[in-house]
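Trainee: I'd like to learn how to read a protein model step by step. Could we look at one together?

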Amino acid sequence: MSGPAGDRAAPLDLTVGQVLREHRLITVEDITAFADLVGDRGRHHLPDQGRAMAHGLLTASLATMIGGRLNFIARRMGWEFLRPVWTGDTITAEVTVRTLTETRSGTRVEFDIEILNQDKETVLRGDSSGVIRR
């Protein structure tokens, strides 16, 4: 279930074990805009001969694009940053539905998250839990 625009599953279509994907090419402009937004202008995020390291939370934000499509309200997120992501890298978020539990206010969801670079190396691993309201 993947395409150029990413997965478009509605919350009611989710199943345990389902994998949702999103892709992004990281550019100098992405890193600069993120640095301006959050104020993190560490030297490692500045282009060095045209190459800069992406912020860890910029990398993690790729998974939140999937959550946004699902109207997912996160209650908890955990991240483990394993490898740097550089300008010119294409990263893919793979968000796997771990659990689905119906509650009074909606569906409680737990996700496992893995973000890979173009070489299929895991650059970030994480998880998140929250709710998709009715």
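Mentor: Happily! One definition to begin with: two strands pair if DSSP finds at least two bridges between them. Keep in mind that this is a predicted model.

Trainee: In what order do the elements of the protein run from the N terminus on?

Mentor: Let's start with the parts: the protein has two helices and five strands. Reading from the N terminus, a strand leads into the two helices, and strands follow. Written in symbols, the order is β-α-α-β-β-β-β.

Trainee: How many bridges join strand 4 to strand 5?

Mentor: Strand 5 covers residues 122–133 and strand 4 covers residues 106–116. These two run antiparallel, and their hairpin has five residues between the strands. Within that hairpin, Lys 120 takes a positive phi near 65 degrees. The number of bridges joining strand 4 to strand 5 is 11.

Trainee: Which residue in strand 5 stands opposite Glu 80?

Mentor: Strand 5 also pairs with strand 2 (residues 72–81), in the antiparallel sense and over nine bridges. The residue to look for stands opposite Glu 114 too. Opposite Glu 80, in strand 5, is Arg 125.

Trainee: Is strand 5 largely enclosed or open, and how many of its residues are buried?

Mentor: A residue counts as buried under 20% relative accessible area. Most of strand 5 meets that cut-off, so the strand is largely enclosed by the rest of the structure. Of its 12 residues, the number buried is nine.

Trainee: Which element gives the most to the largest nonpolar core?

Mentor: That core has 26 residues, and those with the most contacts inside it are Leu 70, Phe 111, Ile 113 and Ile 115. At least two residues each come from helix 1 (28–38), helix 2 (56–70), strand 3, strand 4 and strand 5. The top contributor, with six residues, is helix 2.

Trainee: Is Thr 92 buried or exposed?

Mentor: Find Thr 92 in strand 3 (residues 90–102). Its relative accessibility is 14%, and the cut-off for burial is under 20%. Thr 92 therefore counts as buried.

Trainee: With which side chain does the side chain of Thr 92 make a polar contact?

Mentor: Leaving aside neighbours within four places in sequence, the contacts of Thr 92 are Glu 22, His 23, Leu 62, Glu 114, Ile 115 and Leu 116. One of these is a polar partner through its side chain, at 2.9 Å. That partner is His 23.

Technical notes. Residues are numbered from 1 along each chain as its sequence is written. This is a predicted model: local features need pLDDT of at least 70, side-chain atom pairs count only at pLDDT 80 or more; totals for chains, interfaces and linings use all residues. Side-chain values use heavy atoms; hydrogens and water are left out. Helices (H or I, at least four residues) and strands (E, at least two) are DSSP runs, numbered from the N terminus. Buried means under 20% relative accessible area, exposed over 50%, partly exposed in between (1.4 Å probe, protein chains only). A polar contact is a pair of N or O atoms within 3.5 Å; within protein, one must be able to donate a hydrogen and the other to accept it, and residues adjacent in sequence count only if both atoms are side-chain atoms. Contact means heavy atoms within 4.5 Å. A nonpolar core is a set of buried Ala, Val, Leu, Ile, Met, Phe, Trp, Tyr and Cys residues joined through side-chain atoms within 4.5 Å.
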